[in-house]
Amino acid sequence: MVLKLTALYSLLCVFIVVSADDPYRFFTWNVTYGIIYPLNIPQQGILINGQFPGPEIYSVTNDNIIVNVFNSLDEPFLIHWNGIQNRRNSYEDGVYGTTCPIPPGKNFTYILQMKDQIGSFFYFPSLAFHKAAGGFGGIRILSRPLIPVPFPNPADDYSLLIGDWYATNHTDLKAKLDGGNKLPFPDGILINGRGPNATSFNVQSGSTYRLRICNVGLQNSLNFRIQGHKMKVVEVEGTHTLQISYSSLDIHVGQCMSVLVTADQPPQAYYVVVSSRFTTPVLVTTGFLRYAGSNSPAPGPLPGGPTTEIDWSLNQARSIRTNLTASGPRPNPQGSYHYGMINTTRTIRLASSAAQVNGKQRYAINSVSFVPADTPLKIADYYKIDGVFRVGSISDAPTGGGMYLDTSVMGADYRAFIEIVFENSEDILQSYHLNGYAFWVVGMDGGQWTSASRDQYNLRDAVSRCTVQVYPSSWTAIYLPLDNVGMWNLRSEFWARQYLGQQFYLRVYTTSTSLRDEYPIPKNALLCGRASGRRTRPL
């Protein structure tokens, strides 16, 4: 049976024109419920192969990743690969707008390729409010052996999944949202699925270590610091950065970055501290950096960090820039693509809002609060099923009108080069993610964006990433080359806001039917809604 499945996977991958030279890595995951104790209180969690967090995906640029997911839950399930671009293949993206859910008791095999990517990312369950129960894990994509990396190999490479956490069952949180209510303040912060003083990282004196830190939480920006140690940022969501050292780092919800830490202090234990930003009260959790050969405890007090300071965070964000001479996933320097010399062909302005609709709390972008259709949008698009969605159902700019419900889809032309401005008139920090892409964060500042704001854009070495923050009463601007055909989710990473409508889909379209532009629907694609009973395609 295993041999037959392996042959089928190989045949499928060959059909979608994946290079035979690129290695395959096979994973079989069983998704179950289980009792977990992240805050020393028993609660129902989502486990993958009995693990919380789930197993890490280890890969190299261009690897083919085959993940056979068995859904042993009592409800439909999907996994999204946050930051993985799934080039030409949004069918595998694992959000409801592109992929039919895996029914209870069934399985689905994701066929992914880490095409032209390096860096630190993560996966998580995208349906319902499953993300509040676990089911997430790290993804690391290493450079190919002959591609230079702009720092020596570290002594070890650790993944740290940090995030705010509720001790409440995810079904109760979902019911609260479905009832039109806001969520309460989280109960704590986890490091790799564990609460205060439960996580340790072992180091040898004089050695340097890579820490891949991802904020996999539900809403809060977090500050990360290590007592007595500097952290040198070297990579942000697939981009090698200028190597600047920091005492503490703000990592906003949905974001990832890599730092180098050298064990250059007297041998003992040191606190690893994660605290919430822009909140009252401030949540704090701790772990330990432990030097080999020493049993000395970490000295108090805990190292302090920023709490509500916005300018501090804004200035740090601006200081994180691309290393123009370093290689990325390919040998050519990252600075060889001169994004600042390309004329944009379109400006899209996106403004968030919060309001009551039909007596229930909702959130919107450009006044449209997204509601899922009865059929995944990409599948409906492939089969040309009318009435599922309408391209142009969300405008390019804020309308100033009242909030309303719709299945919002914005059309865009393949190979266009566009500017998107995120405008935040609210008093909370926003975090946005765009599936299928990385973009250049060319500017961010307080106040209202105008065309004159372009004068302060960084058109030389802005960082390229897939998740970006927008500070309260502020704006953030990005440049985006639309080089990946498909149906791509643009959403708030504040998960309750996403669930209650702060998202839409960007349909990047071409009339071409060439495999060079987009792959056909996978042979093993699940079909649901109005697409039920149809055929995918011949093998």
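Here a biologist and a modeller talk through some strands and loops of a predicted model.

Biologist: Let's start with strand S4 (residues 64-71). What makes S4 largely enclosed by the rest of the structure?

Modeller: Buried means under 20% relative accessible area. Seven of the eight residues of S4 are buried, so the strand is largely enclosed by the rest of the structure.

Biologist: How do you know that S4 pairs with strand S1 (residues 24-36)?

Modeller: Two strands pair if there are at least two bridges between them. S1 and S4 have eight bridges, so they count as a pair, and the sense is parallel. For a spot to look at, find Thr 28, which stands opposite Asn 68 in S4.

Biologist: And what makes S4 and strand S6 (residues 107-113) a pair?

Modeller: That same cut-off of at least two bridges. Seven bridges join S4 to S6, and these two run antiparallel. Val 69 has Phe 108 in S6 as its bridge partner.

Biologist: Now Asn 86, in the loop between strand S5 (79-82) and S6. Why is Asn 86 called buried?

Modeller: Its relative accessible area is 4%, and the cut-off for buried is under 20%. So Asn 86 is buried.

Biologist: What is unusual in the backbone there?

Modeller: Most residues other than glycine have a negative phi. Asn 86 is not a glycine, yet its phi is positive, about 45°.

Biologist: Ser 473 has a positive phi too, near 50°. Why is Ser 473 called partly exposed?

Modeller: Partly exposed lies between the buried limit, under 20%, and the exposed one, over 50%. Ser 473 has 43% relative accessibility, so it counts as partly exposed. You'll find Ser 473 in the loop between strand S30 (467-470) and strand S31 (474-481).

Biologist: How do you know that the peptide bonds before Pro 281 and Pro 301 are cis?

Modeller: Check omega. It is about 0° for the bond joining Thr 280 and Pro 281, and about -5° for the one joining Gly 300 and Pro 301. Most peptide bonds are trans. Pro 281 sits in the loop between strand S18 (269-276) and strand S19 (284-291), while Pro 301 is in the loop between S19 and helix H3 (310-319).

Biologist: One more: the open sheet of four strands, in the order S3-S8-S7-S5. What makes strand S3 (57-60) and S5 its edges?

Modeller: Each has a single partner strand, so one side of each is left without a neighbour in the sheet. The twist averages 20° from one strand to the next. S3 is joined to strand S8 (residues 137-142) by four parallel bridges, with Ser 59 opposite Ile 141 in S8.

Notes:
Residues numbered from 1 in each chain as written. Predicted model: local features only at pLDDT ≥ 70, side-chain atom pairs only at ≥ 80, totals over all residues. Heavy atoms only, no water. Buried < 20%, exposed > 50% of the residue type's maximum accessible area, 1.4 Å probe, protein only. Axes fitted to C-alpha atoms, helices over the stretch in contact; angles between N-to-C directions.
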